[in-house]
Amino acid sequence: MAAKRLSFWEPAGFAAGLALGLAAFAALAGDNVLVSIDKYVFEPQTVTVKAGTTVVWANNEKRTSHDVTIPSLNKASDRLMPGDGFAVRFDTPGRYPYFCEAHKTMPAMHGEVIVTE
């Protein structure tokens with residue numbers, strides 16, 4: 001399962017981020033699933049997707065960094081600064097709990113990706 005860090009600090013991404021904000025991440029997500037991180041909450045906290053779908057987490061905070069840690073996949077993003085994102089393609093059906101390592105004591109900073117066939 002591939003993971004990719006996305007950043008609006010890359011030249012093309014920066015211009016898109018300035019012009020479009022969250023809409024740019026929504027366009028980037030395309031047919032995939034977008035999870036927003038804002039006000040110390042993953043929204044939605046639980047997503048159900050078909051195998052082969054990419055989930056994109058977008059940090060929409062104004063000043064706070066977060067991360068996405070998926071223990072069952074041994075995957076974790078770097079710290080996601082405001083405007084950064086992280087993408088993981090889920091190919092195998094199952095349940096994949098995740099959390100923000102920096103804020104794991106907060107219930108809203110936990111979520112789950114449920115992958116169906």
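**Entry 1. Confidence**

I began with residues 8-20, where pLDDT (the predictor's confidence in each residue, from 0 to 100) stays under 50. For this stretch the model has 16 contacts (heavy atoms within 4.5 Å) beyond four places in sequence. I then noted that the protein chain averages a pLDDT of 83, and that 74% of the residues score at least 70. The model is predicted, so I recorded its rules: local features need pLDDT of at least 70, side-chain atom pairs count only at pLDDT 80 or more, and totals for chains, interfaces and linings use all residues. Residues are numbered from 1 along each chain as its sequence is written, and side-chain values use heavy atoms, with hydrogens and water left out.

**Entry 2. The chain as a whole**

I looked up the secondary structure, in which helices (H or I, at least four residues) and strands (E, at least two) are DSSP runs numbered from the N terminus. The protein chain holds 2 helices and 10 strands. Read from the N terminus, the order is β-α-α-β-β-β-β-β-β-β-β-β.

I also looked up burial, where buried means under 20% relative accessible area, exposed means over 50%, and partly exposed lies in between (1.4 Å probe, protein chains only). Of the 117 residues in the protein chain, 44% are buried. The accessible surface (Shrake-Rupley method, 1.4 Å probe; for residues, only the protein chains shown count as cover) comes to about 6,200 Å², and 57% of this belongs to carbon and sulfur atoms. Among contacts between residues at least 6 apart in sequence, 56% join residues at least 24 apart.

**Entry 3. The nonpolar core**

I next examined the largest nonpolar core, a core being a set of buried Ala, Val, Leu, Ile, Met, Phe, Trp, Tyr and Cys residues joined through side-chain atoms within 4.5 Å. This core has 20 residues, of which Phe42, Trp57, Val68, Ile70, Phe90 and Val113 touch the most other members. Two or more residues each come from strands E2 (33-38), E4 (46-50), E5 (53-59), E8 (85-90), E9 and E10. The largest share, 3 residues, is that of E8.

I followed Val113 further. Leaving aside neighbours within four places in sequence, Val113 is in contact with Val47, Val49, Val55, Trp57, Phe90, Gly94, Arg95, Tyr96 and Tyr98.

**Entry 4. Salt bridges**

I searched for salt bridges (a side-chain nitrogen of Lys or Arg within 4 Å of a carboxyl oxygen of Asp or Glu) and found that the count is 4. I looked at three pairs.

Glu112 and Arg95 meet through their side chains at 3.1 Å, N to O. Glu112 lies in strand E10 (residues 110-116) and Arg95 in strand E9 (residues 94-99), so this pair ties together parts that are 17 residues apart in sequence. Glu112 is buried at 16% relative accessibility, whereas Arg95 is exposed at 55%.

Glu101 and Lys104 form a salt bridge at 2.7 Å, N to O. Glu101 is partly exposed at 36%, and Lys104 is partly exposed at 42%.

Asp38 pairs with Lys39, their closest N and O atoms being 3.6 Å apart. Asp38 is partly exposed at 29%, while Lys39 is exposed at 64%.

**Entry 5. Two buried polar residues**

I then turned to Thr64, placed in the loop between E5 and strand E6 (69-70). Thr64 is buried, with a relative accessible area of 18%. Its side chain makes a polar contact (N or O atoms within 3.5 Å; within protein, one must be able to donate a hydrogen and the other to accept it, and residues adjacent in sequence count only if both atoms are side-chain atoms) with the side chain of Tyr40, at 3.2 Å. Beyond four places in sequence, Thr64 touches Tyr40, Asn59, Leu80, Pro82 and His103.

Ser36 is in strand E2 and is buried, with a relative accessible area of 18%. The side chains of Ser36 and Asn60 make a polar contact at 2.8 Å. Not counting residues up to four places away, Ser36 touches Val41, Phe42, Glu43, Ala58 and Asn60.

**Entry 6. His110**

I closed with His110, found in strand E10 and partly exposed at 31% relative accessibility. A polar atom of the His110 side chain lies 2.6 Å from the backbone oxygen of Lys104. Apart from neighbours within four places in sequence, the contacts of His110 are Phe42, Gln45, Tyr98, Phe99 and Lys104. I also noted that the C-alpha atoms of His110 and Thr46 are separated by 8.9 Å, with their places 64 residues apart along the chain.
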